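I opened this structure for the first time today. These are my notes on what I looked up, in order.

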Amino acid sequence: MAEEILPTRETGPPIAVPGQVRELLRKAKPPSRIREKAIEAFFFACGVLAILVLLGIFFILLTTAVPAFREISVKEFLTSPQWDPTSPEKARYGILSMIVSTLLVTTGSLLIAVPVGVGVAAYLSDVAHWRVREIVKPVVEVLAAIPSVVVGFLGIVLFGPALAKLFGQSNGLNAVNGSVLLAIMALPTIISLSEDSLNAVPAAFAEGSLALGASRWQTLVRVRIPAALSGIIAAIMLGMGRAIGETMTVLMATGNARAFPHGLLSSVRTMTANVAIELGEVPYYTTHYYALFGIGLVLFIMTFAVNLVADLILTKYQQRER
Amino acid sequence: MKKKIIQFMGFLFLRVCVGIVLAILLVFLYDIGRKGGGSVNWEFLTQAPRKGMTAGGIFPAIMGTFLVTVVTAILAVPLGMCAAIYLNEYARQSRLTRIIRLSIRNLSGVPSIVYGLFGVILFVNILHFGTSILSAGLTLGLLTLPWTITASEEALKTVPNSFREGALALGATKWQAIRTNVLPYALPGMLTGTVLGLARAAGETAPILFTGAAFYLPYLPKSLGDQFMALPYHLYIMSTQHHAIETVRPLAYGTALVLIVLVLGMNMTALVVRYRLRNKRRR
């Protein structure tokens, strides 16, 4: 039925629509103002739910993390590299080595994902024939759809052995492996958002540059990418947020050693991986349990900050466009 | 001349970047398809694991993922659609609307493990649902919510304003206009976007780790209050936690293949439907 009513070039404007509405009005009770208000209120409640969920997550993390700081000082929690909650002498709750591990793996992933991602975006927006674009864009979407646990699995069975052979290690489960996998997971975000912002650059910019005798490459690098830079930076930050919060891939592919990371080839344990490993085994309502929620809170704040900055850049950029 | 060479090298770099991305996906799919194809057969899909999960199939995990995804859909689809209707049809440009949109964008950036922590406290502890299909499904539902809202709003935006104005001009109330002249046209698009979100939820592992997924269950879940086996969690166990990891590797590959076929299958269906709808519009 929907097909008949859709306006098409052959049939002109939607003819069936007025009839349908009139019939509905005849059948319906006279429209009640209260009913309309109630319906609007219902939809409003659904919209406000998004705020409530976000606040709820923050509130629950905060209230569950706070009891941990009756025993641990906030300073020790954030600056001590020793995490040993089950030590028989003195339990230690320092998450610095996990924060560094997370940042290490994230930085590594961005070193790969930023040039490749922006490169693909530039190719799609400036170089590619539309037929090539029709192939590459679904590929990027499929890449985004692969579950993180599958990516982690491939890190174990595919990249791990390859890295082990390359660097002469016993197994290839280390920060490099995690970085490569996280780069793959951040790529779709970076590609699609960077391409959007490149496409939003007014055509006059490129035309002016080309008219002055610049080559297409010069136009791309000196005019179009700088003009789209704010959007590209936002895309990179969103990709970074995704890499910081990713759990399964790093849990499976980085080896999970608790020690302070010594380099890209050392086995690391990120904040997300530590929560995933320990929350299943820890007794409820112990300092250890609360401390894991503390890690969750730190994660939440980090990703929130990254996303918020990306968001501010994007909003500002969109306002300038208007 | 030099300019030409630089341009050639530059474009070559861009082509290499695209080549890398294409190669990654091909290698992924080829490796899983080749090594997983051998262990997937009818028995693998319909039997429970046997002999300490070194033999048998993954049927309970498929069933568990299906049930959880149904719970996820029941929470996330209607709520996402209604929130999208509010944002696109009712909301005015106000500070509150901006905050709602900001919250939605930030929700989609919250790490999945944090949703897991939230689910443990809210659904497992406070609401006493225990570690169960219900808790895991609701946790995944909240995770999916920002995606379904965004996708549904995109679909609503494609309905031309004249459709709304036409109904309003004939004396319809706002809700009548939305129900008769907006929703019928936006619904297919809303559903495809929603299916994309559900496919992502079906492949998530971190949020269900502590809210209900079980290592191994000899029976199928009987109610929403039971624990369950799930495909992504099963793959995680088979590749890292199992006592004989090397011997069960073919089974892990098989599980990965089934999971990826399931998730990509949902994606493809949604994308094909979307593509067709778009072409129909254009005609």
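**Entry 1: the interface.** I began with the area buried between chain B and chain A, which comes to about 8200 Å². Carbon and sulfur atoms give 78% of that area. I am working from a predicted model, so I read every value as computed. Next I looked up the residues in contact. I found 89 residues of chain B touching 93 residues of chain A.

**Entry 2: polar links across the interface.** How many salt bridges does the rule find across the interface of chain B and chain A? I noted 1. Asp311(A) pairs with Arg105(B) in a salt bridge, and their closest N and O atoms lie 2.3 Å apart. I then looked up polar contacts across the interface of chain B and chain A, and the rule finds 8 residue pairs, both residues at pLDDT 80 or more. Which element gives the most to the side of chain B that touches chain A? I wrote down helix 1 (residues 2-37) of chain B, with 19 residues. I also sorted the side of chain B that touches chain A by class: 60 nonpolar, 17 polar and 12 charged residues.

**Entry 3: chain B overall.** I listed 10 helices and 2 strands in chain B. I followed the order along the sequence and got α-α-β-β-α-α-α-α-α-α-α-α. I took the span of the C-alpha trace of chain B along its principal axes as about 70 × 70 × 35 Å.

**Entry 4: helix 6 with helix 8.** I turned to packing inside chain B. Helix 6 (residues 133-157) of chain B packs against helix 8 of chain B at an angle of about 145°. Their axes are 8 Å apart. I noted this crossing of helix 6 and helix 8 of chain B as right-handed. On the helix 6 side of chain B, the contact includes Leu140(B), Trp147(B) and Ala151(B). On the helix 8 side of chain B, I picked out Gly189(B), Gly193(B) and Gly197(B) among the contact residues. I sorted the residues of this contact of helix 6 with helix 8 of chain B into 11 nonpolar, 7 polar and 1 charged.

**Entry 5: helix 7 with helix 8.** I then checked helix 7 (residues 161-169) of chain B against helix 8 (residues 174-202) of chain B. Their axes come within 9 Å and cross at roughly 145°. Helix 7 of chain B passes helix 8 of chain B in a right-handed crossing. From helix 7 of chain B, I recorded Phe163(B), Arg164(B), Ala167(B) and Leu168(B) in the contact. From helix 8 of chain B, I recorded Lys174(B), Ala177(B), Asn181(B), Val182(B) and Tyr185(B). By class, this contact of helix 7 with helix 8 of chain B has 6 nonpolar, 1 polar and 2 charged residues.

**Entry 6: salt bridges.** I looked up the total over all chains and got 12 salt bridges. One pair I followed is Glu278(A) with Arg258(A), with closest N and O atoms 3.6 Å apart. Where does each partner sit? I placed Glu278(A) in helix 13 (residues 271-278) of chain A. Arg258(A) is in the loop between helix 12 (248-253) and helix 13 of chain A. This pair links distant parts of the chain, 20 residues apart.

Definitions and conventions
Residues are numbered from 1 along each chain as its sequence is written. Chains are lettered from A and ligands numbered from 1 in the order in which they are written. This is a predicted model: local features need pLDDT of at least 70, side-chain atom pairs count only at pLDDT 80 or more; totals for chains, interfaces and linings use all residues. Side-chain values use heavy atoms; hydrogens and water are left out. Axes are lines fitted to C-alpha atoms, for helices over the stretch in contact, and angles run from 0 to 180 degrees between N-to-C directions. Helices (H or I, at least four residues) and strands (E, at least two) are DSSP runs, numbered from the N terminus. A crossing is left-handed if the near helix is turned anticlockwise from the far one by less than a right angle, and right-handed if clockwise. Contact means heavy atoms within 4.5 Å. Ala, Val, Leu, Ile, Met, Phe, Trp, Tyr, Cys and Pro count as nonpolar, Asp, Glu, Lys and Arg as charged, and the others, Gly among them, as polar. Buried area is the accessible area (1.4 Å probe) that two parts lose on being put together, summed over both. A salt bridge is a side-chain nitrogen of Lys or Arg within 4 Å of a carboxyl oxygen of Asp or Glu. A polar contact is a pair of N or O atoms within 3.5 Å; within protein, one must be able to donate a hydrogen and the other to accept it, and residues adjacent in sequence count only if both atoms are side-chain atoms.
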